Amino acid sequence: MDVEQAIRSRRTHKQYGNEPVDEATLRALFDLARFAPNHKLTQPWRFRVLGPETRQRIESAAGDKEAVKLRRAPTLVLATAVLSGDPHTDEEDLQATAAAVYAVLLAATARGLASYWRTPKAFDEGAVRNLLGLEATERVVALIHLGPPAGNPPGKDRLPLEDVLLTLP
């Protein structure tokens with residue numbers, strides 16, 4: 001699958017098959033994410049694959065409503081950005097980490113995997129952050145859901161190009 005096809009065919013999936021994504025595929029996805037653009041090569045992204053014990057502890061800490069959502073996908077990956085404390089650099093690093101997450105989603109799509117980029121509020125709370133071993137300097141950027149697709153969500157309408165493109169004189 002070429003890049004344009006991956007971009008146009010990527011969908012947010014909320015239903016998955018049961019099989020977790022194998023370690024070799026995960027490593028390949030994260031290896032590609034390392035090539036996301038980042039100013040001054042800060043490489044701020046960190047990826048944590050959440051295993052069964054960690055997931056169970058998070059589900060308990062986050063509550064029943066969030067636990068149901070966490071059980072949707074067989075593989076969950078937390079993406080964070082390590083921040084420096086400099087407001088300008090931190091903004092760049094958050095955007096760079098978002099680009100790395102998008103690279104993971106596109107690479108997953110190209111491999112026939114389903115994905116979903118979430119930002120659960122519970123992952124900003126102290127109890128969950130402590131369970132995950134997050135440093136004070138880390139900001140949660142995404143909880144990536146990955147797995148085999150259990151359906152094919154329809155595409156959603158996008159604004160026309162003319163609504164989002166300005167050409168300045």
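## A tour starting at Helix 5

Select G112 to begin: this glycine comes after Helix 5 and has a positive phi, near 80 degrees. The model on screen is a predicted one.

Now step back along the chain and select residues 87-110, which make up Helix 5. The helix has 24 residues. From the first C-alpha to the last, Helix 5 reaches 35 Å, close to the 34 Å expected at 1.5 Å a residue. While looking along the helix, keep one general point in mind: an α-helix has 3.6 residues a turn, so residues three or four places apart point the same way.

Next, show the whole protein as a cartoon. How many helices and strands does the protein have? There are seven helices and four strands. Following the sequence, they come in the pattern α-α-β-α-α-β-α-β-α-β-α. The radius of gyration is 17 Å, close to the 15 Å that the globule rule gives for 169 residues, so the protein is as compact as a globular protein of that length. Along the principal axes, the C-alpha atoms fill a box of roughly 55 × 45 × 30 Å.

Turn on contacts between residues with a separation of 6 or more: 79% of them join residues 24 or more positions apart.

Switch to a surface view. The accessible surface of the protein is about 10,300 Å², and carbon and sulfur atoms account for 52% of that. Of the 169 residues, 39% count as buried.

Last, colour the charged side chains. The protein has 22 positive and 22 negative ones. The centres of these two sets lie 4 Å apart.

Methods: Residues numbered from 1 in each chain as written. Predicted model: local features only at pLDDT ≥ 70, side-chain atom pairs only at ≥ 80, totals over all residues. Heavy atoms only, no water. Helix = DSSP H or I, 4+ residues; strand = E, 2+ residues; numbered from the N terminus. Rg over C-alpha atoms; globule rule 2.2 N^0.38 Å. Buried < 20%, exposed > 50% of the residue type's maximum accessible area, 1.4 Å probe, protein only. Contact = heavy atoms within 4.5 Å. Areas by Shrake-Rupley, 256 points an atom, 1.4 Å probe, with all protein chains shown as cover. Lys, Arg positive; Asp, Glu negative; His and termini not counted. Charge placed at Lys NZ, Arg CZ, Asp CG, Glu CD. Expected span 1.5 Å × (residues − 1).
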